[in-house]
Structures are given as C-alpha cells and as structure tokens.
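Q: I'd love a close look at the aromatic rings here, along with the places around them that catch the eye. Could you walk me through that part in one go?

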Amino acid sequence: MEALRRKYNCETSSHSFGQLYLWRKNLQLKLHLQPQLYSVCGPVYGENAWLFPVGEEEAKVCFLKELLQTPGLRLTNLRQADVQFVQTHFPDFFRIEEALGESEYLYDRAEQLSLQGKRFAGIRNHIRRAERDNALSVEPLCDENLEEAIAIAEDWNRLEREAGEHGIRDDGVPTEMLRLRDVLNLHGVVVRINGEAAAVCAGYPLNDTTFDFSLSKLRENLPGLSYWAKHALYESLPEHFTTINAEDDVGAPGLRTMKYQMRPSGMIHMFHAVAVE
C-alpha cells in the first residue's frame, strides 16, 4: 500500500497505511488491494462507499467501472485532482459534493516554530501562559515513557468529548498507535509538569517532507498546554520535515475551531463523488 501511495504521489493522511490500519475497527474498513491499486470500503457512508482508489490510471478506471455496477456508489476523500479524474473519465456519472469534515489541515513548520507576526499572537500568548503557570519539561517518546504516554491517551479516552460526523470517535486508536510505535515509525514527545507525564504528541512520516501529526492527548486540559506540547513536537522533528499535516477535523466544530486557530498555511480540500442513479 505505502509503495503505491508514494509511487502515485498521494500525499493525504486519509490514504496512508497508518490511518487506514488504525481506524479499521472504528470505521469497519475492508481493504481491496490489487497489484496496481488499493482502496477500502466501509459502512459509514453506505454499503457501497469506497475511498477513492490510489494507483495506476487505467486500473482506477476499470475499478470504478466495476463499482458502478452496484447501485448507491459513493467515493470519498477525493482531492481536486481526483475530482478532475472522475469528471474526465466518467462525465455525467457522478455528482460532486464538498466534504469539509475530511479536508486536511497543512501547516508550514517554519511558521509554526517562529510564530512571528500578528497571526500567531494568540498562540504565543497560550504558550507563555503554559510556561508561566507550570514547570514544564519535554522528552522524546521512547520505551521508558511509553506506558506513561499510553496512560495519558487512555485517561483522555475516558473524558466526555465531542464526536465527529456520524458519531465518529477515536476510541482505542491512540493506544494502538502508541503500541505500534516501531511499525509506524512513530515520532513523538512526552511533556511533563513537575516531573509527571502530562501530555503526549506524536505522528509519523507521510513522505520525505511531510509529517502526519496524528496524536495529541493531555492528562488534563490545562490552559496553553496543548499549544506548548505541539510546539515542542515541531521543534523535535528532523530538519527535512517542512510541512505538518494535522489531518481532518471529522466535522467536529470544536476541533475545527482549534485547527483554524493554529493558523494553517493550506488545506487539502476533500470531496465525495456520488453516482447519479
């Protein structure tokens, strides 16, 4: 899968092995893998709903022709280039809908580190408050603090929190991600307050320059702590990562507000293609 994704320059988090594997249970995903193509299906959007395939052009055309034989086809997570593909090869077969909750947030790492200018004044204030109110320290995520990181994720999982569209929640996903740290090539940090583990932030590479920031959990939602922890993660990344993909907001208003407040430098806008019956 990852070889196909990289070969065909699919830079989205939604199509990555890590994302699809970690969400396979919550979204009831089933993998369809061919030598030149892959996709997954799941019942969240209907019995004939499929992630837009990644792969060779002719293989995708043949695959979509086959899917169109079954009524109710919906393709999800199309980028603008994928919309153009559908409109070129299947004119008048699909209705295109914008999928705001699936659009992915991109951040310029250099901007997020420098936090210069009025756009970032709010973030700077949050970070200063966290530093003023707490004795903070940071360390790399490693074998020695892995169980503490998992405990933070599981404590967060027990809190009342906002669900996304279709009731989507990440129950169990952060814990499994941390358990699969070596498999996913996970890079992260653990933040301590007065020596006690208080937050964990982590993610994994999407390509040579883009880092998928996929995990941010706090033991307690203290003012400014999430901003300080994110900044610590960005500082810890190898220099070759220039872009942060903070994934989508699953349609949750609170998460959407927070991701906009982090001042994205761009978006990967996502769409659905719904077969016209």
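Which residues form one aromatic cluster together with F93?

A: Happy to take you through it, bearing in mind that this is a predicted model. The cluster is made up of F90, F93 and F94.

Right beside these rings in the sequence is D92, which belongs to the loop between α4 (80-89) and β6 (94-98). The backbone of D92 deserves a glance: its phi is positive, about 70 degrees, although D92 is not a glycine. Most residues other than glycine have a negative phi. D92 is also exposed, because its relative accessible area of 74% is over the 50% cut-off.

A similar backbone feature turns up at N194, another non-glycine residue, where phi is positive at about 55 degrees. N194 is found in the loop between β9 (187-193) and β10 (196-205). With 62% relative accessibility, N194 counts as exposed.

Back to the rings: the model has eight aromatic pairs in total. One of them joins W50 and F63 in an edge-to-face arrangement, with 5.5 Å from centre to centre and 85 degrees between the planes. This pair links distant parts of the chain, since W50 sits in strand β3 (residues 49-51) and F63 in helix α3 (residues 57-67), 13 residues apart. Both partners fall under the 20% cut-off for buried residues: W50 has 13% relative accessibility, and F63 has 4%.

A further edge-to-face pair is formed by F211 and F241, with centres 5.5 Å apart and an angle of 65 degrees between the planes. F211 is part of strand β11 (residues 210-218), while F241 lies in the loop between α10 (225-236) and β12 (243-245), so this pair ties together parts that are 30 residues apart in sequence. F211 is buried at 1% relative accessibility, and F241 is buried too, at 5%.

Finally, do look at the charges that sit over rings. The charged end of R24 is placed over the ring of Y21, at 3.8 Å from the ring centre. K60 has its charged end over the ring of F85, and here the distance to the centre is 4.5 Å. K60 also falls within the residue range of helix α3 (residues 57-67), the helix that holds F63 of the pair with W50.

Definitions and conventions: Residues are numbered from 1 along each chain as its sequence is written. This is a predicted model: local features need pLDDT of at least 70, side-chain atom pairs count only at pLDDT 80 or more; totals for chains, interfaces and linings use all residues. Side-chain values use heavy atoms; hydrogens and water are left out. Rings of Phe, Tyr and Trp (its six-membered ring) pair if their centres lie within 6.5 Å; planes under 30 degrees apart count as stacked, over 60 as edge-to-face and the rest as tilted. Helices (H or I, at least four residues) and strands (E, at least two) are DSSP runs, numbered from the N terminus. Buried means under 20% relative accessible area, exposed over 50%, partly exposed in between (1.4 Å probe, protein chains only). A charge sits over a ring if NZ of Lys or CZ of Arg is within 6 Å of the ring centre and within 35 degrees of the ring normal.
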